[in-house]
Each structure stands twice: as C-alpha cells, then as structure tokens.
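Here is a short set of exercises to work through with the model open on your screen. Try each task before you read its solution.

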Amino acid sequence: MPILRGKPVSSGIVSAHSHIYNNQVQILENDIQLAPASIEKELNRLQNAVKKSRAQLKKIYKTVEKKMGSSSALIIGIQRQLLEDPSLIREITEKITQEQLHCETAIRFVERKYIDIFSKIPDLTFQERKNDLSDILQRVSANLISRPHQGNKNESATILVAQDLHPSKAAQVMSSGLISGLILEEGGENSHTSILARTMGIPTIISVPNALTTISEGDFLFIDALLGIIHVNPSKEEIFKLAEKKEKYTAYKSRLKEIIPLPSQTLDGKDFSLLGNIELEFETTMAQNHGAEGIGLFRTEFLFMEGDTAHHIQKQALTYKNVAQSFYPKPVVIRTFDVGRDKTVPQVEHEQGINPALGAMAVRIFLKKPTLLKKQIKAVIQANESGNISLLFPMITTIEEIFSLKAMVSECFDQVKKERSHPPKRPPFGIMVEVPAAIKLIPFLKNHVDFFSVGSNDLTQYLLAVDRNNSEVSALYTPFHPALVEALFEIVALCHKIDKPVTVCGEMAGKSVSALMLLGMGYRRFSMNPLALMEIKRIFTHVHASYAAHVVRQIRRLPSASMIEEYLIEQFLKKYPDLFIKQPFF
Ligand code: PEP
Ligand code: MG
C-alpha cells in the first residue's frame with residue numbers, strides 16, 4: 001500500500017474514502033475569434049454566470065456565517081466584494097467585445113494577468129487575494145458551462161484530496177459536514193484554508209507531493225495528521241493497527257478534555273494560568289473549547305488579512321469587543337499591529353532596509369506614522385466596555401518608546417472620552433520583552449508598565465542571532481541555550497522584584513519540556529496555541545512546582561542546550577516516569 005507524507009497543519013486521525021477535487025475548470029481550448037453576431041450571446045452568458053455566482057456566494061456566506069461565525073464568513077465576503085467589483089467584469093467584457101474572445105478564454109486571460117501580478121508580491125495578503133480571485137473566476141467559468149462548481153455528490157463524509165483548495169470552497173465543504181479530512185499537494189500553514197481546518201477540527205495534511213497521481217477517486221485512506229502520514233488502501237492488518245491508534249487517540253482526547261474543569265494547580269498547590277494565542281476572531285471558540293483561561297496574545301496584525309478591518313475603528317472595536325465579551329471576566333490581551341520583518345502588509349508602507357529583522361517594524365514604524373496605531377488604540381479603548389482588555393506593545397527597545405506610546409494611549413483615551421457619554425475604561429499597559437535590551441529596562445519600569453509578556457520566539461532569535469524562519473539554521477534555534485535560560489531567569493526575577501505580572505507567550509510556553517522549565521523558573525502565566533492547552537495543563541497538574549524549581553536550578557551549571565534539555569527530561573522522568581509518555585499514539 002502506498003504511503004504519502006506531508007506537513008500536518010490540523011491534527012487528528014481519520015479514515016474514509018477519498019474524493020478528488022479537481023479545481024482545474026475545463027476551459028474551451030478554443031481561441032478562435034467569435035463572429036461579431038455571437039458577441040451579444042457571449043456577453044449574456046457572462047452576465048448569467050456572474051449572477052449565478054453571486055447568488056451562490058450569498059448562500060455560502062449565510063451558511064458559513066451561521067455555522068462558523070461572522071469572522072469566518074468574511075473570507076467569503078471578500079470574494080463577494082471582488083465579484084461586485086465592476087472593473088473586473090469590465091475587463092472580461094472588454095476582452096470579449098474588443099478581442100472577440102469566448103467568455104472562458106477572456107476569463108482565463110484576466111485570471112492569468114492578476115495571478116502574474118499577485119505572484120510577484122511576496123506577502124501573505126496578496127497570496128490570499130490571488131487564491132480568492134482564482135476561486136471566483138473559476139466559479140464564474142464553471143457556471144458558464146452550466147455545471148455546478150464542483151462539489152461532492154457523495155453523501156457520506158470523505159477525505160478531500162486536491163492540489164490546493166480555495167478558501168470559499170474550503171469554507172463551503174467544511175461547513176457542510178461532508179468532509180472528514182483534507183489532503184493538499186500544496187497549501188500553506190497560515191493560509192485561510194489551513195486556519196479554517198484547525199478551527200473546524202478537520203485533520204489536514206498539506207505539502208503532499210504526488211497526492212493526486214497516487215490517490216484515485218474512492219480509494220480508502222487512513223490519514224494520520226499527527227505525524228503527517230497518509231496510508232492509501234492499507235491492508236487489513238494495517239487498518240487494524242491504525243484503527244487501534246485512532247481509538248487510543250480519540251480516547252486520549254476525550255480523557256484530556258476532563259482536565260479542563262480541574263483547578264489549574266500543581267501537585268503542591270501552586271496556581272498557574274493557561275491562556276490562548278489567537279490570530280483571528282473565530283479562533284476564540286477554539287480557545288474556549290480547549291479551556292483557555294483568557295487570551296494572552298491576540299496577534300492583531302492578522303486583521304490585515306480580513307479586508308479593511310485594520311483600517312476601521314468601528315470594525316476593529318467590534319472584533320475586540322466580541323473576543324473580550326466571550327471571555328469576560330477573564331483577561332484578553334490585545335497586541336498592537338506587529339508588522340514588518342516577516343509580516344509585511346501592503347497597507348503599512350515602510351522601508352524594509354537590507355536587514356528587515358533589525359529595521360523598521362511594529363512600534364518603530366507607528367511612532368513615526370501613528371495614524372493606524374492611533375485608530376487601533378481607540379478601537380481597543382472603545383471595545384473595553386467589559387473592562388477585561390489589556391493593551392500590549394511589541395518590539396520595545398527603549399524607555400522613550402514606552403513614554404511616547406503611553407502619551408499616545410492617553411491622547412486616544414481623552415478623545416474617546418470626549419466622544420462618549422459614559423467614561424471609557426483605560427486598558428492596562430503592557431510591553432513585550434522580546435528584544436534582549438528590553439530586559440535591562442525592567443527595573444526602571446515599575447511606575448510605567450502594568451504587565452510584561454515574554455516573546456520568547458523573538459527573544460531567542462535576537463539573543464542567539466538565529467533567524468526564526470530559516471531552516472538552514474534551525475538547529476541553533478533552541479529555548480535551552482544557556483544564554484536564553486539565564487535571560488528567562490533574569491526576566492522573571494526582575495518582574496517579581498517590581499511586583500508586576502509576567503506571561504510567556506512564545507511557542508516554548510506550549511511545549512512540554514520548555515514549559516516545565518519555565519514553571520521551575522517561577523513563571524505562572526503561559527499563553528499558547530489553544531491546541532496545546534490541555535496537554536500543558538495535564539503536565540503541570542502532574543508535577544510539583546517545588547520539584548520543577550529544584551531541577552531547573554541545576555541547569556544553570558550546564559554549558560549547552562542539549563545538556564540542559566537532556567537533563568530536564570531525565571530529571572522529570574526520574575520522579576514522574578510517565579509524564580511525557582501518556583500520549584499513546586506517538
Ligand atoms: C514572540 O516573539 O515570542 C511572540 C509571541 O510574538 P510573535 O511570534 O508574533 O513574533
Ligand atoms: Mg515577537
């Protein structure tokens with residue numbers, strides 16, 4: 001039986017028959033010019049197909065909104081807007097009338113033109129727009145030949161196999177309940193499709209080479225989206241083994257859920273808080289379902305993916321308010337736009353410079369051009385009616401930045417106050433500790449900063465001089481380097497000394513061994529990918545904080561990351577032998 005491998009982006013194990021989704025709409029390979037008398041007919045075909053597509057998108061929008069919330073429906077909303085854009089249809093119409101082309105050919109030309117333009121722009125937003133545009137034009141093409149946009153006619157849930165899946169199609173099939181798994185030859189971890197799959201809990205594996213040439217329609221598939229393995233038509237013995245693993249995984253997941261209502265306390269009674277990191281509003285539900293005790297990091301720069309939300313005070317305020325109210329009275333920490341470096345967005349113009357990771361980014365941009373940041377701060381203040389929102393500023397390097405940002409918050413606060421009949425609530429002011437230099441500012445910040453959040457992803461990158469996104473140097477990128485260990489010890493001690501709360505919100509907070517190391521150092525607030533919450537809670541509730549502290553004290557004597565990591569694992573297993581091996585499926 002063939003085995004395929006790829007990158008799991010939404011975990012789970014599932015088996016079902018395959019359904020091949022061929023999103024290559026057949027286009028008449030007929031570039032023969034139209035007779036002038038046929039042009040009118042061709043324009044009518046176009047008009048009807050556009051009308052039909054608009055009606056379909058409206059219906060999909062309603063279904064998605066009902067099942068997945070208004071934020072997810074925005075993805076379809078963007079496509080509706082694109083299809084309403086008169087210039088797009090005008091371009092196709094002109095191709096038909098001036099060049100006497102068939103509709104299909106005209107659409108193909110316009111699609112190619114925009115794909116070429118968008119492909120040359122390297123940022124995420126344009127890649128998504130490219131997909132959206134292709135998606136709607138393919139829908140219009142499909143409607144021209146009076147064929148429904150391809151869908152699964154099979155009533156039972158299948159595993160969808162495709163080269164890539166456009167967001168509107170993904171939202172449509174995922175909300176229909178007709179797919180139980182997804183395999184893509186291409187795809188991106190942060191694409192709308194992967195984000196939707198995680199939210200809907202649909203096991204998904206992307207970057208699977210040759211999926212479409214290996215898998216045929218109706219093949220029986222067993223996909224392991226924990227390891228990223230696809231078994232095609234497995235033998236009876238294999239099915240038996242895989243079904244056993246699936247059963248154990250399902251049982252493990254439901255057992256793990258039992259941990260949610262239990263107190264967040266170590267075996268020796270030390271309290272801890274586990275919060276969720278989110279990028280878009282709809283992830284709120286997922287964070288709640290996984291037991292988040294609040295949102296420790298809302299990466300708002302992802303709002304730039306949702307149409308024009310990031311430019312509108314009211315739209316932003318509504319998003320923040322929705323998240324805050326769903327968690328009330330638990331805290332919701334809204335981090336201001338952390339754009340620049342690897343997260344450039346066309347809406348925020350700035351000079352990248354030859355070394356973007358050390359150049360203009362986040363608050364460095366907005367302190368010079370404050371319009372967007374002021375809008376965001378006002379939106380946060382307006383949204384804070386429930387009083388559980390805090391404001392967090394990323395990439396802080398100097399105390400002057402803090403003073404300027406505080407002045408900006410006060411100015412925005414006064415403006416909101418003037419505009420409203422009832423006084424707004426001032427959100428607490430926090431900073432990210434992710435530029436190593438910021439650690440040395442902590443002793444001076446008692447009267448200026450309400451809370452701290454350790455961005456260990458960037459702190460590791462800047463302290464070790466290792467690009468967090470470069471696989472060439474990924475072996476050097478580790479949370480156990482002695483320099484990082486000392487920095488983390490120093491941060492928690494300094495925050496305790498000035499009596500301020502501190503959270504760790506980088507990836508290390510959601511990984512078992514590094515999270516235990518942080519617990520041993522004295523950290524008590526952790527914010528992570530919501531999917532990691534239950535596992536970290538299981539681990540923390542099965543150890544003594546005093547033992548973790550004892551073990552962690554010893555690592556300060558060790559000179560290398562591998563020694564530190566090995567020592568931690570060895571010492572924790574010595575006292576709690578099944579601490580890391582509770583997961584039966586790895
Ligand atoms: C971090 O740097 O650790 C962090 C949480 O922020 P981001 O990953 O968004 O840079
Ligand atoms: Mg960061």
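Ile377 sits in helix H13, residues 371–383. Keep in mind as you go that this is a predicted model.

**Exercise 1. Start from Ile377 and work out whether it is buried or exposed, then find how far its C-alpha atom is from those of Ile334 and Met408.**

Solution.
- Step 1: look at the cover. The relative accessible area of Ile377 is 0%, and the cut-off for buried is under 20%, so Ile377 counts as buried.
- Step 2: go back along the chain to Ile334. Ile334 and Ile377 are 43 residues apart along the chain, and their C-alpha atoms are separated by 9.7 Å.
- Step 3: now try Met408, which belongs to helix H14 (residues 399–419). In sequence, Met408 and Ile377 are 31 residues apart, while their C-alpha atoms are 8.4 Å apart in space.
- Step 4: check the cover of Met408 too. With a relative accessible area of 7%, Met408 is buried.

**Exercise 2. Split the chain into its domains and say which of them hold ligand 1 between them.**

Solution.
- Step 1: list the pieces. The domain assignment gives domain 1 (23–144), domain 2 (158–254), domain 3 (272–427) and domain 4 (432–586).
- Step 2: get a feel for the spacing. Between the C-alpha centres of domain 2 and domain 4 there are 33 Å.
- Step 3: place the ligand. Domain 3 and domain 4 both contribute residues to the shell around ligand 1, so the ligand lies between these two.

**Exercise 3. Describe the shell around ligand 1: which residues come nearest, and what is its make-up by class?**

Solution.
- Step 1: pick out the nearest residues. There are 14 residues around ligand 1, and Arg299, Arg335, Gly455, Asn457 and Arg468 come nearest.
- Step 2: sort the shell by class. You should get 7 charged, 4 polar and 3 nonpolar residues.
- Step 3: trace the shell back to secondary structure. Strand S10 (295–299) and helix H15 (456–464) each supply at least two residues, and H15 has the largest share with 3 residues.
- Step 4: look at the polar atoms. A side-chain N or O atom of Arg299 is 2.7 Å from an oxygen atom of ligand 1. From the backbone, an N or O atom of Ser456 lies 3.1 Å from a ligand oxygen, and one of Gly455 lies 3.4 Å from a ligand oxygen.
- Step 5: ask how much of the ligand is covered. On its own, ligand 1 has 290 Å² of accessible area, and the protein covers 99% of that.

**Exercise 4. Find the strands that pair with S4, and follow the pairing out to His19.**

Solution.
- Step 1: check S4 itself. This strand spans residues 158–162, and 5 of its 5 residues are buried.
- Step 2: look at strand S3 (residues 13–21). S3 and S4 run parallel and are joined by 4 bridges.
- Step 3: look at strand S5 (residues 179–184). S5 and S4 also run parallel, with 5 bridges joining them. One pair to locate is Val161 with its bridge partner Ile183 in S5.
- Step 4: go to His19, which lies in S3. His19 stands opposite Leu160 in S4.
- Step 5: inspect the surroundings of His19. This histidine is buried, at 11% relative accessible area, and its side chain makes a polar contact of 2.9 Å with the side chain of Glu217.

**Exercise 5. Track down some backbone oddities: where is the cis peptide bond, and what is phi at Asn210 and Asn233?**

Solution.
- Step 1: recall the background. Most peptide bonds are trans, and most residues other than glycine have a negative phi.
- Step 2: check omega. The bond joining Tyr328 and Pro329 is cis, with omega about 5°. Pro329 is in the loop between helix H11 (313–327) and strand S11 (332–335).
- Step 3: check phi at Asn210. The value is positive, near 65°, and this residue is in the loop between strand S6 (204–206) and helix H8 (211–214). Asn210 is partly exposed, at 48% relative accessible area.
- Step 4: check phi at Asn233. Here phi is near 45°, again positive. Asn233 is in the loop between strand S8 (229–232) and helix H9 (236–257), and is partly exposed with a relative accessible area of 37%.

Definitions and conventions:
Residues numbered from 1 in each chain as written. Chains lettered and ligands numbered in written order. Predicted model: local features only at pLDDT ≥ 70, side-chain atom pairs only at ≥ 80, totals over all residues. Heavy atoms only, no water. Near = heavy atom within 4 Å. Polar contact = N/O pair within 3.5 Å; in protein donor to acceptor, adjacent residues only side chain to side chain. Areas by Shrake-Rupley, 256 points an atom, 1.4 Å probe, with all protein chains shown as cover. Nonpolar A, V, L, I, M, F, W, Y, C, P; charged D, E, K, R; others polar. Domains from an automatic or database assignment. Buried < 20%, exposed > 50% of the residue type's maximum accessible area, 1.4 Å probe, protein only. Pairing = 2+ DSSP bridges.
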